[in-house]
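The following report describes a single protein chain through its aromatic packing, one buried histidine and its overall composition. Please read it alongside the sequence and the coordinates.

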Amino acid sequence: LENPDNDPDEVLFLGDCLKAGPARTAVPCGLLRGISRGGPSSASGSRGDGPHLGSEDMVQRYLLRTYGSGDDTPTSTISHAALSARSFATISRKASRHPSFALSESNPADESVRRWPGQLTLPDRQELEALMEAQFPDWGLDVFEVSRLTANRPLRFVGWESLRRGCFFSEFEIPAEKTVNFLTCVESSYSSSTDVPYHNSLHAADVTHTVFALLWKVGFVDFFEPLGLLALVLSAMVHDMGHDGRNNQFHTNMKDDLALTYNDRSVLENFHVAQAFKLMSRDASTNILDVFEAEKFKSIRKDMIECVLGTDMAHHFRQIDCLKNQVDRLDRDPADWTEPAAVSILQATVLHAADIGNLGKPVELSDKWVTLLKREFFMQGDEERDLGMPISPLCDREVKRFAGPQVGFINFIVKPTFDALALLAAGVEEVVLKEIGENLEVWEARKEQEERELQGESSASAPAAPAAAP
């Protein structure tokens with residue numbers, strides 16, 4: 001922050017994302033501009049201290065050392081976060097991959113269950129059918145349109161379609177009626193878009209489809225067994241259950257019941273996954289997991305907990321570092337990914353990538369998500385102002401800088417996540433990174449425009465120079 005060349009908003013934003021605080025954020029997103037010029041610099045702003053950052057990869061390594069080592073981060077909970085430092089014993093997984101999970105023209109979906117999980121008008125049903133056939137197998141499903149056609153029930157229909165196309169009903173004999181009850185109750189546990197503009201069932205539906213696309217469109221399906229695939233898809237559905245539109249730091253600062261219950265560690269993430277299992281425990285009509293024997297249930301529960309906790313941004317850098325270490329050891333052949341710990345890291349990273357994947361979608365969809373996110377940020381900032389609390393980065397509606405932090409978020413968070421996944425699946429480069437690049441170009445242009453406008457306002461408000469003496 002003391003370095004005049006660094007963008008303070010980007011520094012604060014990165015710090016907030018990592019739940020580390022601005023004091024520990026030594027390298028701002030804007031440093032990439034210096035790297036692109038080829039000039040060496042250091043994290044401290046002097047050439048004598050800290051690493052000399054001559055490439056983006058060195059920046060990544062520095063940040064991983066800064067934010068990803070040890071267990072001193074208060075919110076650090078997820079067990080696989082420190083796995084890269086351990087040695088692994090090769091453990092063969094008992095179940096084998098089932099051929100039904102490789103979707104093809106000859107096996108397009110599970111026909112053992114009805115087509116839709118709820119009633120629709122005939123015109124909406126026909127339009128939804130056409131939309132799903134055209135877009136669901138692809139990357140850029142328009143869940144906003146799904147929501148319109150399903151009377152604001154996007155998660156119920158996208159969740160059902162994911163389970164049906166994944167052949168989970170026939171594979172595990174999951175009862176259709178329980179699944180409808182489960183999806184209905186999960187969706188109703190999300191707040192309305194009025195109260196929580198972004199973290200609602202529309203976002204959950206989008207993340208669920210994005211996970212499905214990463215598995216079957218991009219190519220990660222072969223890395224997981226059927227039970228792990230089910231856990232991953234279910235995790236996407238429930239990963240923000242009960243979200244109140246405030247972040248972990250807000251709850252921790254408030255010292256509220258959630259923060260006290262979960263000891264300031266991945267507060268919301270612990271709450272979300274707990275809500276899912278409480279639902280199934282208290283209402284047997286929603287318990288889609290009661291078809292599994294005890295050991296398989298424990299496996300699914302463990303995977304779901306790990307995946308949802310992995311969506312906490314506090315784990316981001318360590319998680320990506322762990323994945324890269326596993327790729328270095330195991331390479332990219334799915335047949336070599338037999339170690340449960342390594343598979344767990346990949347599983348959690350797939351959900352984490354889907355959760356932050358809005359900026360990897362077509363720009364017209366990405367912009368809609370950014371608008372909703374800004375609205376939710378500002379609602380938190382308004383409450384923080386009313387409570388006399390410090391306003392979190394990007395949550396102050398009176399601050400007009402937003403595009404710059406978006407550029408930083410793409411460069412330091414979104415793109416490196418998908419770069420890591422691209423080490424395992426070529427489809428990431430072909431499908432996702434192309435969209436990320438287009439979003440980056442758009443936001444860089446918006447940042448330049450934003451800076452010009454701010455400079456113009458600053459010049460207009462500057463006092464006039466005194467007139468020269470005659």
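Phe 168 counts as buried because its relative accessibility is 0%, where buried means under 20% relative accessible area, exposed over 50% and partly exposed in between, with a 1.4 Å probe and protein chains only. The model is a predicted one, in which local features need pLDDT of at least 70 and side-chain atom pairs count only at pLDDT 80 or more, whereas totals for chains, interfaces and linings use all residues. Residues are numbered from 1 along each chain as its sequence is written, and side-chain values use heavy atoms, with hydrogens and water left out.

Trp 216 is likewise buried, with a relative accessible area of 16%. Ring pairs link Phe 168 and Trp 216 with Phe 136, Phe 172, Phe 212 and Phe 292 into a cluster; rings of Phe, Tyr and Trp (its six-membered ring) pair if their centres lie within 6.5 Å, and planes under 30 degrees apart count as stacked, over 60 as edge-to-face and the rest as tilted. By this rule the count comes to 13 aromatic pairs, including the two in the table.

| Pair | Geometry | Centre to centre | Angle between planes |
|---|---|---|---|
| Phe 144 and Trp 369 | tilted | 4.7 Å | 45 degrees |
| Phe 168 and Trp 216 | edge-to-face | 6.3 Å | 80 degrees |

The pair of Phe 144 and Trp 369 links distant parts of the chain, with Phe 144 in helix H5 (residues 143-149) and Trp 369 in helix H17 (residues 363-386), 225 residues apart. Helices (H or I, at least four residues) and strands (E, at least two) are DSSP runs numbered from the N terminus. Trp 369 is buried at a relative accessible area of 2%, and Phe 144 is also buried, at 19%. The pair of Phe 168 and Trp 216 links distant parts of the chain as well, since Phe 168 lies in helix H7 (residues 168-172) and Trp 216 in helix H9, 48 residues apart.

Helix H9, which spans residues 201-218, also holds His 203. His 203 is buried, with a relative accessible area of 0%. Leaving aside residues up to four places away in sequence, His 203 touches Tyr 198, His 239, Asp 240, Asp 355 and Trp 369, contact being defined as heavy atoms within 4.5 Å. The side chain of His 203 makes a polar contact with the side chain of His 239 at 3.1 Å and another with the side chain of Asp 355 at 3.0 Å. A polar contact is a pair of N or O atoms within 3.5 Å; within protein, one must be able to donate a hydrogen and the other to accept it, and residues adjacent in sequence count only if both atoms are side-chain atoms.

The charged end of Lys 374 sits over the ring of Phe 402, 4.9 Å from its centre, the rule being that NZ of Lys or CZ of Arg is within 6 Å of the ring centre and within 35 degrees of the ring normal.

The chain as a whole contains 19 helices and 0 strands. Of its 470 residues, 54% are buried. Among contacts between residues at least 6 apart in sequence, 75% join residues at least 24 apart. A search of the whole structure finds 0 disulfides, a disulfide being a pair of cysteine sulfur atoms within 2.5 Å. Cys 322 counts as buried at 2% relative accessibility, and Cys 395 counts as buried at 2%.
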